Amino acid sequence: MTGIERQNWVSKAPAEVLVHGPSKIYIDKYLWFRPEEGIFSYYKVQPKDVFDHFDVFRGVDIIESAGQTAVSACAMMESAKQGKSIDELKKHFRMAFLGMGEARFHGFVKVHEILVNICTIKHYKFRQMVVSCKVYKVTTEAEVAALISGIKTDTMKGLPIPESYELVAELNDMIGRAVPIEKIYNN
Amino acid sequence: MTRQDVLDGIIKILKDVKTVDQEALKNITEDSDFIMDLGLPSTELINVIANAEDEFGLEFDDDDVDALDSKVKATIDLVMGTQQKSNES
């Protein structure tokens, strides 16, 4: 995959990749994606997201944001594998967030703060993606940009996490899969 | 390779899966269900299929894996069918 292709995927709007309605999408933008290696995304918490929840983004929604990141990577991988656009892929498959392993929370995210998902791809086989994510929070978009500027090569290995990044959660073995639509509706 | 050989290979794989009910594994048959009878999480089934590729030296087609249900018989059919295709090509 060329850098340009990767850039095109990353520049896709999450609404193009995911099937969720706009109020349920917890990714503002993809930041970086490399097949077999990882995907980064971020989301700025909106007042609607903390309604009835004392201005704090729920833990389950932090998981959802990372899960959406995982299934986005799954869509990007399957799109490349099949040589089809994501729009074409979505006609035949649903990218489903199926499960996860251990979750550890270290902090919380408040309204207007930005959570950053740094997800490492563990494996992809038979349309199933497994990633482990570290979720950080920052307060400004400039800090988000600083993370990407830290990637000096084409790989995330050794990526320095800026000091201002506060670890919020470690979410292991997040599972996303491209499930054939007919399998969903025939079961 | 016979169907029993494949079943034996599947048993070998499942012996290393922590989530599998090892007592139930003693009574496995082609009619057993990985999820309902052996306690295998549905998401783990993909790993078992991936290990079956290694065990039997085959490469399964994604579409064939999509079509699998959770019955042991379906996985044996997949292995036998893939091997037959491999022999014919």
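This is a short walk through a two-chain model, starting with chain B and ending with the strands of chain A.

Okay, one thing before we start: what you have on screen is a predicted model. Keep that in mind as we go.

Let's take chain B. It has 5 helices and 0 strands, so if you run along the sequence the pattern is just α-α-α-α-α. Now, how does the radius of gyration of chain B sit against the globule rule? For 89 residues the rule gives 12 Å, and the radius of gyration of chain B is 12 Å, close to that value, so chain B is as compact as a globular protein of that length. If you'd rather think in boxes, the C-alpha atoms of chain B fill roughly 40 × 25 × 20 Å along the principal axes.

Buried residues make up 19% of the 89 residues in chain B. On the contact side, take the contacts in chain B with a separation of 6 or more: 52% of them are between residues 24 or more positions apart.

Let me zoom in on one residue, B:Gly9. You'll find B:Gly9 in helix α1 of chain B, residues 3-14. Is B:Gly9 buried, exposed or partly exposed? Well, the cut-off for buried is 20 or more other C-beta atoms within 10 Å, and B:Gly9 has 19 C-beta neighbours in that range, so B:Gly9 counts as partly exposed. Who does B:Gly9 touch, once you leave out residues up to four places away in sequence? That would be B:Ala52, B:Glu55 and B:Phe56. For another distance, look at B:Met36: B:Gly9 and B:Met36 are 27 residues apart in sequence, and their C-alpha atoms are 20 Å apart in space.

Now to where the chains meet. On this interface, 7 residues of chain B are in contact with 9 residues of chain A. Which elements of chain B give two or more residues to that side? Those are α3 (42-56) and α4 (62-66) of chain B, and α3(B) gives the most, with 4 residues. Sorted by class, the side of chain B that touches chain A has 4 nonpolar, 1 polar and 2 charged residues.

Over to chain A, then, and first its helix α3, residues 59-82. Here's a sanity check on the geometry: at 1.5 Å a residue, the 24 residues of α3(A) should span 34 Å, and the end C-alpha atoms are 35 Å apart, which agrees. The helix α3(A) is also mostly covered, with 18 of its 24 residues buried. Just after α3(A) comes A:Gly83, which takes a positive phi of about 65°.

While we're on positive phi, there are two residues to click on in the loop between β2 and β3 of chain A. One is A:Asp52, which sits in that loop and has a positive phi of about 65° although it is not a glycine. A:Asp52 has 5 other C-beta atoms within 10 Å, so it is exposed. The other is A:Phe54, also placed in the loop between β2 and β3 of chain A. A:Phe54 is not a glycine either, and its positive phi is about 40°. With 7 C-beta neighbours inside 10 Å, A:Phe54 counts as exposed.

Last stop, the strands of chain A. Start with β1 (residues 29-34) and β2 (residues 38-44), which run antiparallel and are joined by 5 bridges. For a concrete pair, A:Trp32 has A:Phe40 in β2(A) as its bridge partner. The two strands form a hairpin with 3 residues between them, and in the turn A:Glu36 has a positive phi of about 70°.

Further along there's β8 of chain A, residues 128-138. How much of β8(A) is covered? Mostly: 10 of its 11 residues are buried. On one side of the pairing, 11 bridges join β8(A) to β7(A), residues 114-125, running antiparallel, and A:Thr120 has A:Ser132 in β8(A) as its bridge partner. That hairpin has 2 residues between the strands, and in it A:Phe126 takes a positive phi near 50°. Then there's β9(A), residues 166-180, which is antiparallel to β8(A) and joined to it by 9 bridges. In that pairing, A:Val135 stands opposite A:Ala169 in β9(A).

That's the tour.

Technical notes
Residues are numbered from 1 along each chain as its sequence is written. Chains are lettered from A and ligands numbered from 1 in the order in which they are written. This is a predicted model: local features need pLDDT of at least 70, side-chain atom pairs count only at pLDDT 80 or more; totals for chains, interfaces and linings use all residues. A residue is buried if 20 or more other C-beta atoms lie within 10 Å of its own, exposed if 12 or fewer, and partly exposed in between; C-beta atoms are placed from the backbone. Two residues are in contact if their C-beta atoms, placed from the backbone, lie within 7 Å. The radius of gyration is taken over C-alpha atoms; the globule rule is 2.2 Å times the number of residues to the power 0.38. Ala, Val, Leu, Ile, Met, Phe, Trp, Tyr, Cys and Pro count as nonpolar, Asp, Glu, Lys and Arg as charged, and the others, Gly among them, as polar. The expected span of a helix is 1.5 Å times one less than its number of residues. Two strands pair if DSSP finds at least two bridges between them.
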